[in-house]
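Biologist: I'm new to this one and would like to learn how to read it. Could you walk me through it feature by feature?

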Amino acid sequence: MSPTTATSASIEIRAVRKLFGSGAGEVHAFGPSDLRIAPGEFVSLLGPSGCGKSTLMLMIAGLLERTDGEIFVNRDIVDAPRTDVGIMFQDSTLVPWRSVRGNVELQLELRGLDTAAYRDRIDDLLHSVHLDGFEDRSPYELSGGMQQRAALCQAIVHEPGTLLLDEPLGKLDAMTRERIRADLQDLWMRRRPTVVFVTHSIEEAIQLSTRICVITPRPGRIDHVIDVDLPWPRGLEVRRSDAFVSCLARIQEIFHGYGVL
Amino acid sequence: MAMASSESPAAAGVRWLMRWFSRSWLFLVFFAAFFISWELLVDWLEVPRYILPKPSTIVIKSSADLDRLVYYTWVTGTETVLGYAAAIVLAVPLGLAIAFSRFLRQTIYPFFVSIEMTPKIAFAPLFISWLGFGLLPKVIIVFLVCFFPIVLNAILAFGSLSEELTRFCRATGAGAWRSFVKVRLPAAMPQCFVGFKYAAINATVGATIAEFIGSDQGLGFYIQIVTGNMRPDLAFAGIFFLTVLGLAIFGLVTLTERLLIPWHISVRRAA
C-alpha cells in the first residue's frame, strides 16, 4: 500500500462524561461537556494536572470508554480505537530495540503497510524535525528533545488527518520545547491536520492554537472556549504582542478564579 | 574482501585479550592470592591432607582421574541442560497463556506461587524411588527447580507492557499476533531473561543434589563417593568441574541475552 494523504477530520463531543471506578471509590474524572472542532483546527485542551484533559483525548481516540455522551470523528461515532488518527502519548512509545527509523516504521508495520513505499516520506519527516544523521541511532542515544521529535514522526508517518497530542512537550526543557513547538507549528501549517493538543502551559496553548478549551479542575469541564486571534506563523516575538498578553491575562484570570493560580 | 588497513584476526584476538586483562587484572590477582594463601596456610598450619588438601595436591591427584571427571561432567551437564531446556520450552508458553487468561490467573497462577514456596528438591527421593537411578528423575528435578522461576518471570514479563505501548498497538489496529511479534515479545525479553538466569544458577544445584540422593554416575555421585573414601582432593576436583559446568551454562545464557537484547539497560551497562 502506498502513502496516502488523509483529509482533516471534524470532531464533535456531545455531553461526554467519564467516571472511573464505582460505589464509594467512584471518581468523576471529566464532563459533562460539549465541543465542536472544525477540520484543520488546532485546538488546545488547557487545564491543571488531573483535570481530565488526557482522559478526554483518550476518549476521542476510542482508547477509553466514556460513561455518557457521544463522540464523533468525521460524523462517525467513536466506539472503538480510531486507526485514522495519529497519537502522541505522554510517555514515549519509542521502543529501545529499534533505531529511530525502525521506530517510525513500527507505526506502518503494525498497520500492515509496506514500509518501502514510505521510505521518502520517512526521510522527509526526519529531515523536517532535524533528525538527519540520527536515523540509525537507538532512542536511548538521543536527547529528550530528539526522542520527542522522533516520536512525533512515528505518530504522523501514516499521514493521519487528525493528530491527538498528549502533553508532548511536558518533560522537556524550555529551549527544547521552543524548538519542537516551532516544528509542530510548521507541520500543522504545511499539512493542516486537525490537532487536539493537551497541555497545562498557557503560553504554549496561545502560541500554537486556533482555539483554546479551558478546562476546570477535577471534575474537568470545558468552561471557556477562547479564539486565539494572532497572525501566523507565531514565533517567539508574538509573545510580546498586545493580543498575546491580553489573551494570557484573560486565561490567567480564569485559572485564578478556579483557585489554581 | 578485507581492507588492507583492517587488522588480522590474530591481532584482534590479542587486542581483545589485552583489553580483557586490563579490565580484569584485579580479579585475577585476587584469585591468585586466594589460592596461594590456601597453599601456604595448609602447609603452615599443618592441616592433614584428608581434611583439606593443598590446591597443588588437588591438581596433581585429580589429573590421574581426569577421564572419569570429564565423563561425569558430561553426565551432570546432560541432566542439567535437558531439564533446563525442557523448563524453558514449557514455562514460557505457559507464562504467556497465564498472562492473557483470567481463568488461568485465578487457577494455576496461585497454585504455582504456592508451589514456588516448596523446596523442589524435597521431591527428589520420591522421583528416584518412582523412576530409578537413571537420567529421567534427575532431569525432572532440574526441570522442577528451573520451571517455577521461569514461568513466574514470564507471567510478569508478558503482563507488564506499558499502558502507552498497549494503547499505541490498539490505535494502529494491529491484531494480537502482529502486536505480539513486533512489540509485546521483544518488550518481555528482559524480564524473561531474569527467570532464565536465576534458573541457570539453580539448575546444576538441582542436578547435583538429585545425584547425591540416588545415582550411579555424575559429579554429585562422584563427590559423595570420594568423600566417603577420605579423598577430599578428588571431591574438590569434582566441585571445580561443577563450578565450570555452572559457569558455562550461565555464560551461555548471558551470551544469548547479549545477542538477543543488546539494547536493554542491564546489557548496555555490563558492556
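Biologist: Let me start with a pocket. How do the residues of the lining of the second largest pocket divide into nonpolar, polar and charged?

Modeller: Keep in mind that this is a predicted model. The lining of that pocket has 12 nonpolar residues, five polar and one charged. In total 18 residues line the second largest pocket, and those nearest its centre are Leu94(A), Pro96(A), Trp97(A), Ser162(B) and Leu165(B). Two elements of chain B, α6 (135-158) and α8 (176-213), give two or more residues each to this lining. Of the elements, α8(B) gives the most, with four residues. The volume comes to about 340 Å³.

Biologist: How is such a space found in the first place, and how much of it lies in the largest pocket?

Modeller: The general idea is that rolling a probe the size of a water molecule over the atoms shows where empty space is left. Here, the largest pocket holds about 470 Å³. Its lining counts 16 residues, with Phe35(B), Trp38(B), Phe236(B), Ile239(B) and Phe240(B) nearest the centre. By type, 14 are nonpolar, two are polar and none is charged.

Biologist: Which elements supply at least two residues each to the lining of the largest pocket?

Modeller: In chain B, look at α1 (9-44), α2 (55-63) and α10 (232-260). The largest share is from α10(B), with eight residues. You can also read the lining by domain: domain 1 (7-46) and domain 2 (55-270) of chain B each provide at least three residues. Those two domains have centres 29 Å apart, taken over C-alpha atoms.

Biologist: And chain A, what does its domain assignment give?

Modeller: Domain 1 of chain A is written in two stretches, 11-84 + 160-258, while domain 2 covers 94-159. Over C-alpha atoms, 25 Å separate their centres. Where they meet, 14 residues of domain 1 of chain A contact 14 residues of domain 2 of chain A.

Biologist: Now a single residue. Is Ser33(A) buried or exposed?

Modeller: A residue under 20% relative accessible area counts as buried. Ser33(A) has 3%, so it is buried. You'll find Ser33(A) in strand β2 (residues 27-37) of chain A. Its side chain reaches the backbone nitrogen of Ile222(A) at 2.8 Å. Leaving out residues up to four places away in sequence, Ser33(A) touches Ile13(A), Arg14(A), Ala15(A), Val16(A), Arg221(A) and Ile222(A).

Biologist: What about a helix? Which residues of helix α9 (residues 219-228) of chain B are buried?

Modeller: A handy rule first: an α-helix has 3.6 residues a turn, so residues three or four places apart point the same way. In α9(B), the buried residues are Leu219(B), Gly220(B), Phe221(B), Tyr222(B), Ile223(B) and Val226(B). Their cover includes α3 (66-100), α8 and α10 of chain B. After α9(B) comes Met230(B), which has a positive phi, near 60°.

Biologist: One last stop: why does Gly195(B) count as buried?

Modeller: Gly195(B) counts as buried because its relative accessibility is 0%. This glycine lies in helix α8 of chain B. Setting aside residues up to four places away in sequence, Gly195(B) touches Pro149(B), Ile150(B) and Asn153(B). For a sense of distance, Gly195(B) and Thr57(B) are 39 Å apart in space, C-alpha to C-alpha, and 138 residues apart in sequence.

Notes: Residues numbered from 1 in each chain as written. Chains lettered and ligands numbered in written order. Predicted model: local features only at pLDDT ≥ 70, side-chain atom pairs only at ≥ 80, totals over all residues. Heavy atoms only, no water. 1 Å grid on protein atoms, 1.4 Å probe; cavity = no way out; pocket = protein on both sides within 12 Å on 5 of 7 lines; lining within 4 Å. Points joined across faces, edges and corners; volume = space filled by probe spheres on them. Nonpolar A, V, L, I, M, F, W, Y, C, P; charged D, E, K, R; others polar. Domains from an automatic or database assignment. Buried < 20%, exposed > 50% of the residue type's maximum accessible area, 1.4 Å probe, protein only. Polar contact = N/O pair within 3.5 Å; in protein donor to acceptor, adjacent residues only side chain to side chain. Contact = heavy atoms within 4.5 Å.
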